[in-house]
Amino acid sequence: MKRENLDLGRFTEPALLILVSLAEGPKHGYAMMEDIKALSGSAIGPGTLYGALGRLERLGLIQPLASTDRRVPYKLTDPGRRTLEGQLDGLRKLTSTGIRRLARA
């Protein structure tokens with residue numbers, strides 16, 4: 001499977017958290033905010049969330065789904081999944097290097 005490493009721009013951390021949240025399945029904004037708070041321990045505000053959602057949608061990494069009410073669910077696209085895999089792989093390498101270096105210090 002081809003991995004992509006798109007530049008997520010200035011919203012890198014919120015964008016990454018959103019992609020991780022959507023890797024579990026489609027969610028609307030409030031559900032993402034709750035999931036992100038549970039997984040990271042940090043709250044993401046609505047302005048930050050919806051700004052990052054717009055950017056991720058323009059990049060083709062997520063897409064909105066049909067909604068029966070005012071809450072619009074989003075889902076991860078295939079390029080979004082590949083981008084997330086690439087980002088997590090980079091974090092895995094950074095983390096393992098950091099751990100090795102700390103063990104030698």
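**Exercise 1. Decide whether leucine 94 is buried or exposed in this predicted model, and find which surface feature includes this residue.**

Step 1. Leucine 94 has a relative accessible area of 58%, and because a residue counts as exposed when this value is over 50%, leucine 94 is classed as exposed.

Step 2. The residue is found in helix H4, which runs from residue 78 to residue 104.

Step 3. Together with Val20, Leu39, Leu88 and Leu91, Leu94 makes a nonpolar surface patch of about 400 Å², and helix H4 gives the most to this patch, with three residues.

**Exercise 2. Describe the length of helix H4, and work out which salt bridges aspartate 89 forms within this helix.**

Step 1. Helix H4 has 27 residues and spans 39 Å from its first C-alpha to its last, which is close to the 39 Å expected at 1.5 Å a residue.

Step 2. The buried residues of H4 are Gly80, Thr83, Leu84, Gly86, Gln87 and Asp89; aspartate 89 belongs to this group because its relative accessibility is 19%, and buried means under 20%.

Step 3. The side chain of aspartate 89 meets that of arginine 92 in a salt bridge of 3.1 Å, N to O, and aspartate 89 also forms a salt bridge with lysine 93, where the closest N and O atoms are 3.3 Å apart.

Step 4. Arginine 92 lies three residues from aspartate 89 in helix H4, while lysine 93 lies four residues from aspartate 89, and each of these spacings is about one turn of the helix. An α-helix has 3.6 residues a turn, so residues three or four places apart point the same way.

Step 5. Unlike the buried aspartate 89, arginine 92 is exposed at 54% relative accessibility, and lysine 93 is exposed at 51%.

**Exercise 3. Find which residues have the most contacts inside the largest nonpolar core, and which element gives the most to this core.**

Step 1. The largest nonpolar core has 19 residues, and those with the most contacts inside it are Ile18 and Ile62.

Step 2. Two or more residues come from each of helix H1 (12-22), helix H2 (29-40), helix H3 (46-58) and strand E2 (74-76), and H1 gives the most, with six residues.

Step 3. Leaving aside residues up to four places away in sequence, isoleucine 18 touches Met32, Ile36, Leu49, Ala52, Leu53 and Leu56. In soluble globular proteins, nonpolar side chains tend to be buried together.

Terms used
Residues are numbered from 1 along each chain as its sequence is written. This is a predicted model: local features need pLDDT of at least 70, side-chain atom pairs count only at pLDDT 80 or more; totals for chains, interfaces and linings use all residues. Side-chain values use heavy atoms; hydrogens and water are left out. Patches are made of residues with over 30% relative accessible area and no salt bridge: like charges are joined within 9 Å, nonpolar side chains (Val, Leu, Ile, Met, Phe, Trp, Tyr) within 5 Å. Accessible areas come from the Shrake-Rupley method with a 1.4 Å probe; for residues, only the protein chains shown count as cover. A salt bridge is a side-chain nitrogen of Lys or Arg within 4 Å of a carboxyl oxygen of Asp or Glu. Buried means under 20% relative accessible area, exposed over 50%, partly exposed in between (1.4 Å probe, protein chains only). A nonpolar core is a set of buried Ala, Val, Leu, Ile, Met, Phe, Trp, Tyr and Cys residues joined through side-chain atoms within 4.5 Å. Contact means heavy atoms within 4.5 Å. The expected span of a helix is 1.5 Å times one less than its number of residues.
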